[in-house]
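The exercises below are meant to be worked with the sequence and the model open side by side. Try each task before reading its solution.

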Amino acid sequence: MFSRYRQYWDLTKPKVVALIVFTALVGMVLAIPGVPSWEQVRAGALGFLGIWLAASAAAAINQLLDAHIDAQMARTSWRPLVVGKVKPWQVLVFAGVLIVLSMAILLLWVNWITAVLTFASLIGYAVIYTVYLKRATSQNIVIGGLAGAMPPMLGWAAITGMQGSSDWAYSSLLVLIIFIWTPPHFWALAIFRREDYAKAKIPMLPVTHGVVHTRKQIMVYSVVLALVCVVPYLVGMSGPFYLGGAIVLNAVFLWYAWRMLNPPDELFSMKMFQYSIVYLMALFAFLLVDHWILPWL
C-alpha cells in the first residue's frame with residue numbers, strides 16, 4: 001500500500017523536513033517555562049502538524065519548480081517528477097492540499113501569527129529562493145537561508161502567540177543559529193557537487209568564486225557560528241549542560257572548517273556536510289535536554 005504512494009512521500013524530502021520539524025519542536029519546548037498545560041500540549045501538537053505539512057508542501061513545490069534543474073544533477077536525478085513517477089499537475093494538487101490543510105490547522109486551532117509566519121516561510125523558500133535567488137546570486141543560500149531557519153520561531157509562536165518581546169528575542173536567537181549554520185553546511189555540499197551546479201547554470205559560490213574562496217567563507221561562518229552558539233547560555237536561555245555540548249560540537253565543526261582549507265581528498269567536503277547535519281540535530285537536542293529533561297533529574 002505504501003509503495004503505491006511512495007513517490008508522494010519522496011516529494012516531501014522527508015529527511016530534510018524531519019530536521020526542520022525537530023527544530024520547530026525544540027522551539028515549542030523552550031517556549032514553555034515549566035510543566036505544559038493541556039492547552040499548550042494541544043497547541044504544540046497541532047502546530048507541529050501544521051508546520052510539518054507546510055514544510056512538506058514547500059519541498060514539493062521546490063521539486064516542481066526545479067524539475068528541469070534536478071534532471072541535470074546526479075544528486076537529484078532520481079526524484080519522482082524527474083523520472084516520471086508523478087506528473088506536474090499531481091505535484092501541484094498534492095502541494096495545494098498540504099498548504100490548505102496546514103493553514104486551516106494553524107488558523108483554526110493554533111493562532112494567526114503562526115499561520116502567517118509559516119506561510120511567509122513557505123513562500124520564502126518555495127518561491128523567492130527557488131524561483132529567484134537560487135538563479136540570481138552566489139549568495140542565494142545566505143539570503144534564502146532565512147526561510148529555512150524559521151522553524152524554531154514557528155514552533156515558539158505556536159505555543160505563545162508571540163505575545164511579548166522576549167518571545168521574539170529568544171526565538172530569533174534560535175533562528176540566527178540555523179541562519180549562520182546554513183552557508184557552511186550547504187557550501188560543503190556545493191563544493192563536492194560544483195560540476196553539477198555549473199552544468200545546471202546555478203551560481204553557487206564554488207562555481208562563481210572558486211573552491212578556495214568558498215573554503216575561506218566556510219571558515220568565517222564557522223567561527224561566527226561558534227560565537228553565536230554561546231549566546232543562549234549568556235542570556236540565560238540555557239544552562240551549563242547546553243554550553244558544554246555546544247563547545248564540543250563547535251570544536252569539531254571548527255576542525256572540519258579548518259581542515260577544509262587544505263582537505264585530504266575530494267570527499268572531505270561531504271564528510272563536513274554530513275557532520276553539519278549531525279551537529280545541528282545534536283545542538284538542538286542539547287537545548288532540549290538542558291531545558292526540559294535536566295530539571296526533572
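## Exercise 1: the enclosure of helix α8

Helix α8 covers residues 140–149, and seven of its ten residues are buried, so the helix is largely enclosed by the rest of the structure. The model is a predicted one.

**Task.** Identify which residues of α8 are buried, and find what they pack against.

**Solution.** Begin with the residues themselves: the buried positions of α8 are N140, I141, V142, G144, G145, A147 and A149. Then look for the elements around them, which are α7, α9 (151–160), α10 (165–192) and α13 (211–228).

## Exercise 2: the length and faces of helix α6

**Task.** Work out what span the 22 residues of helix α6 should have at 1.5 Å a residue, and then determine how the buried residues are arranged when seen down the axis of α6.

**Solution.** Step one concerns length. Helix α6 runs over residues 88–109, and the expected span is 1.5 Å times one less than the number of residues, which gives 32 Å; the C-alpha atoms at its ends lie 31 Å apart, in agreement with that expectation.

Step two is to list the buried residues of α6, which are V91, F94, A95, L98, I99, S102, M103, I105 and L106. Because these buried residues fall within an arc of 160° when α6 is viewed down its axis, they line one face of the helix. The general background is that an α-helix has 3.6 residues a turn, so residues three or four places apart point the same way.

Step three asks what lies on either side. The cover over the buried residues of α6 includes α1 (6–11), α3 (38–65), α5 (80–83) and α7 (112–136), whereas the face turned away from the buried side carries the exposed residues W89, L92, V100, L107 and L108.

Step four adds a residue of intermediate accessibility: G96, which also sits in helix α6, has a relative accessibility of 29% and therefore counts as partly exposed, since that class lies between the 20% and 50% limits. From G96 to A60 the C-alpha distance is 9.6 Å, although the two are 36 residues apart in sequence.

## Exercise 3: a pocket and a cavity

**Task.** Describe the lining of the second largest pocket by residue class and by helix, and then do the class count for the largest cavity.

**Solution.** The second largest pocket has a volume of about 160 Å³, and its lining divides into nine nonpolar residues, three polar and no charged. Among the lining residues are L25, M28, V41, I159 and W292. Helices α2 (14–30) and α3 each supply at least two lining residues, and α3 gives the most, with four.

Turning to the cavity, a search of the whole structure finds one of 30 Å³ or more, and the volume of the largest cavity is about 40 Å³. Its lining consists of I191, R194, R215, M260, P263, D265, E266 and S269, which by class are three nonpolar, one polar and four charged residues.

## Exercise 4: two lysines with positive phi

**Task.** For K13 and K201, decide whether each is buried or exposed.

**Solution.** K13, in the loop between α1 and α2, has a phi near 50°, a positive value in a residue other than glycine; its relative accessible area is 15%, so K13 is buried. K201, in the loop between α11 (194–199) and α12 (205–208), has a positive phi near 60°, but with a relative accessible area of 72% K201 is exposed.

Key:
Residues numbered from 1 in each chain as written. Predicted model: local features only at pLDDT ≥ 70, side-chain atom pairs only at ≥ 80, totals over all residues. Heavy atoms only, no water. 1 Å grid on protein atoms, 1.4 Å probe; cavity = no way out; pocket = protein on both sides within 12 Å on 5 of 7 lines; lining within 4 Å. Points joined across faces, edges and corners; volume = space filled by probe spheres on them. Nonpolar A, V, L, I, M, F, W, Y, C, P; charged D, E, K, R; others polar. Buried < 20%, exposed > 50% of the residue type's maximum accessible area, 1.4 Å probe, protein only. Arc of directions from axis to C-beta. Contact = heavy atoms within 4.5 Å.
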